[in-house]
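Biologist: Please take one helix of this model and go through it closely. I would like its geometry, its packing and how far the prediction can be trusted there.

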Amino acid sequence: LAPVNYHIAYSIIFLLIWANFLEGSNNILGIGISISKKTKYISFGQLIAFSIAIILNFILIPIYGAWGAAWAMLGAAFAQSLSYYYFAQKIYHIPYKFLKNNLFFIAAFIMVGLFNIIIAQMGIIMSTIYGIIFSIFIAIMVWFVLIEKDYKNFILNSLIEKYPRKN
């Protein structure tokens, strides 16, 4: 449906998704800054991200094109997340699991890349089957890696209350 020169878009989408995930997490990371009413540090984080985006775009786009722009966006979003995390922890400490969540996202990102390579030459039926299996695997990883024990218990107890066993 799209011209051939637009086909690269599917391959960089994961970089853009990761960048948007990081930018979304910045809303959470910046809570400590907002609570302390020292919002100038939010501007500092944005300035850091803006500077990195400009520099990386000038360096990477001439060499890598759309891939360079996607990597620049991801780099800027990551820099903004790191700066928000750093400032927020110094100003108003909130115990985030920043490293654990980002390492999980990196692992998922690598798996999605490998998944794309594996299914690239498959037909629609096989790629759909593999996609369902992969989605289940990711859901299991989220359950065991990201969800805390107390919240797992809450979910399970809520399900037990809503759907009691029939004798």
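Modeller: What follows is a description of helix H3, with a short look at helix H5 for contrast. The model is predicted, and the protein chain averages a pLDDT of 84, with 96% of the residues scoring at least 70. Among the elements of the chain, H3 has the highest mean pLDDT, at 95.

H3 covers residues 40-64, which makes 25 residues. From its first C-alpha to its last it reaches 35 Å, close to the 36 Å expected at 1.5 Å a residue. The helix does bend, by about 30° at Asn-57. Just after H3, Gly-65 takes a positive phi of about 65°.

As for packing, the buried residues in H3 are Ile-42, Gly-45, Ala-49, Ala-53 and Leu-60. An α-helix has 3.6 residues a turn, so residues three or four places apart point the same way. The partners of these buried residues are helix H2 (31-35) and helix H4 (66-91).

At the other end of the confidence range is H5 (residues 98-119), whose mean pLDDT of 76 is the lowest among the elements. The largest pocket has a volume of about 340 Å³. Of the 18 residues that line this pocket, Phe-21, Ser-25, Asn-101, Asn-102 and Phe-105 are the closest to its centre. Helix H1 (9-29), H5 and helix H6 (124-146) each give two or more residues to the lining. H5 gives the most, with eight residues, and it is also the element with the lowest mean pLDDT.

Note on methods
Residues numbered from 1 in each chain as written. Predicted model: local features only at pLDDT ≥ 70, side-chain atom pairs only at ≥ 80, totals over all residues. Heavy atoms only, no water. Helix = DSSP H or I, 4+ residues; strand = E, 2+ residues; numbered from the N terminus. Expected span 1.5 Å × (residues − 1). Bend = angle between axes of the 7 residues up to and from the residue. Buried < 20%, exposed > 50% of the residue type's maximum accessible area, 1.4 Å probe, protein only. Contact = heavy atoms within 4.5 Å. pLDDT = per-residue confidence, 0-100. 1 Å grid on protein atoms, 1.4 Å probe; cavity = no way out; pocket = protein on both sides within 12 Å on 5 of 7 lines; lining within 4 Å. Points joined across faces, edges and corners; volume = space filled by probe spheres on them.
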